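Reader: Could you show me how to read the packing in a protein model, one feature at a time?

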Amino acid sequence: MSLRIFFLKAVILLFLMPQVQRIAAQEHLNYSETERRMASMGLVDLTQLDPSIKVRLMYATADNFVGEVLYDDITRAFLRPEAAEAVVRAQQSLKEEFPGYSLLIYDAARPMSVQKKMKDKVRGTDMDIYVSSPENGGGLHNYGMAVDITIVDKSGEPLSMGTDFDFLGKESNIDREKELVATGKITENERQNRELLRKVMKKAGFMPLKTEWWHFNYCTRAYARSNLPLIE
């Protein structure tokens with residue numbers, strides 16, 4: 001074997017080793033069938049990267065805007081590695097400023113099968129516009145490149161953001177927060193809490209969504225549809 005080929009193989013092994021170790025670490029966990037499938041696609045369990053990040057998947061409960069359980073066998077937050085590592089950076093930024101605070105994940109990677117159920121629940125209602133259409137390729141949750149997130153204090157209680165997660169109305173908009181404060185729809189403290197969340201997420205590379213203070217994308221939908229595998 002030539003020295004050049006040996007060097008190239010060594011470089012490739014060095015590059016792949018963290019992923020191999022990550023997959024090996026995940027294999028012993030008690031993942032559900034869907035979670036194992038997402039891990040086999042290369043998606044990363046966020047708490048394996050940073051156990052200090054909190055997870056409370058709202059679609060694994062009935063406490064969401066459709067009022068029923070949509071995740072039958074998902075309890076862990078998975079994302080593509082680049083998005084997962086960005087959440088870790090956001091957590092680090094948050095803790096540098098507020099050591100007692102933590103990020104809390106409400107939703108992460110979402111199989112298209114769940115997206116279809118969600119869309120069926122809202123078709124023909126006022127909520128229809130808030131759910132990406134499976135017929136058009138779904139949304140960034142379906143590629144593991146979007147996260148629904150908030151901040152909790154040292155006791156684990158979410159900071160008040162003016163509305164609950166999944167409140168689908170103008171009070172959740174981030175582009176009219178000064179107006180919302182002025183009209184008493186949200187408080188100035190709630191606006192500042194939203195601003196803190198946006199600051200750490202944007203610093204880590206995420207883009208906020210105008211209509212939902214809790215939703216952040218790590219790439220554009222066009223990029224995901226052209227370059228990333230859909231989570232079926």
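Author: Gladly; let us start with one side chain. Leaving out residues up to four places away in sequence, Leu197 touches Leu103, Ile149, Thr150, Ile151, Met161, Trp213 and Phe216, where contact means heavy atoms within 4.5 Å. This is a predicted model, in which local features need pLDDT of at least 70 and side-chain atom pairs count only at pLDDT 80 or more, while totals for chains, interfaces and linings use all residues. Residues are numbered from 1 along each chain as its sequence is written, and side-chain values use heavy atoms, with hydrogens and water left out.

Reader: How many residues has the largest nonpolar core, and which have the most contacts inside it?

Author: A nonpolar core is a set of buried Ala, Val, Leu, Ile, Met, Phe, Trp, Tyr and Cys residues joined through side-chain atoms within 4.5 Å. Buried means under 20% relative accessible area, exposed over 50%, and partly exposed in between, with a 1.4 Å probe and protein chains only. Here the largest core has 60 residues, and those with the most contacts inside it are Val87, Leu103, Ile105, Ile149, Leu197, Met201 and Phe206. Elements that give two or more residues to this core include helix 2 (33-40), helix 4, strand 4 (102-107) and helix 7 (188-203). Helix 4 provides the largest share, 7 residues. Helices (H or I, at least four residues) and strands (E, at least two) are DSSP runs, numbered from the N terminus.

Reader: How do I check the length of helix 4, and which of its residues are buried?

Author: The expected span of a helix is 1.5 Å times one less than its number of residues. For the 17 residues of helix 4 (residues 81-97) that gives 24 Å, and the end C-alpha atoms are 25 Å apart, which agrees. Its buried residues are Pro81, Ala83, Ala84, Ala86, Val87, Val88, Ala90, Gln91, Ser93 and Leu94. An α-helix has 3.6 residues a turn, so residues three or four places apart point the same way.

Reader: What is the strand order of the open sheet?

Author: Two strands pair if DSSP finds at least two bridges between them. The open sheet has 5 strands in the order 2-4-5-7-6, with mixed pairing. Strand 2 and strand 6 (207-209) are the edges, each pairing on one side only. Strand 4 pairs with strand 2 in the parallel sense over 2 bridges, and with strand 5 in the antiparallel sense over 5 bridges. One bridge joins Val55 to Ile105 in strand 4; another joins Leu104 to Thr150 in strand 5. Of the 6 residues in strand 4, 6 are buried.

Reader: And how should I read the aromatic rings?

Author: A pair of aromatic rings is described by the distance of the centres and the angle of the planes. Rings of Phe, Tyr and Trp (its six-membered ring) pair if their centres lie within 6.5 Å; planes under 30 degrees apart count as stacked, over 60 as edge-to-face and the rest as tilted. A search of the whole structure finds 9 aromatic pairs. Tyr59 and Tyr71 have ring centres 5.9 Å apart and planes at 80°, so this pair is edge-to-face. Tyr59, at 2% relative accessibility, counts as buried, and Tyr71, at 3%, counts as buried too. Phe98 and Tyr101 are stacked, at 4.9 Å centre to centre and 15° between the planes; Phe98 is partly exposed at 31%.
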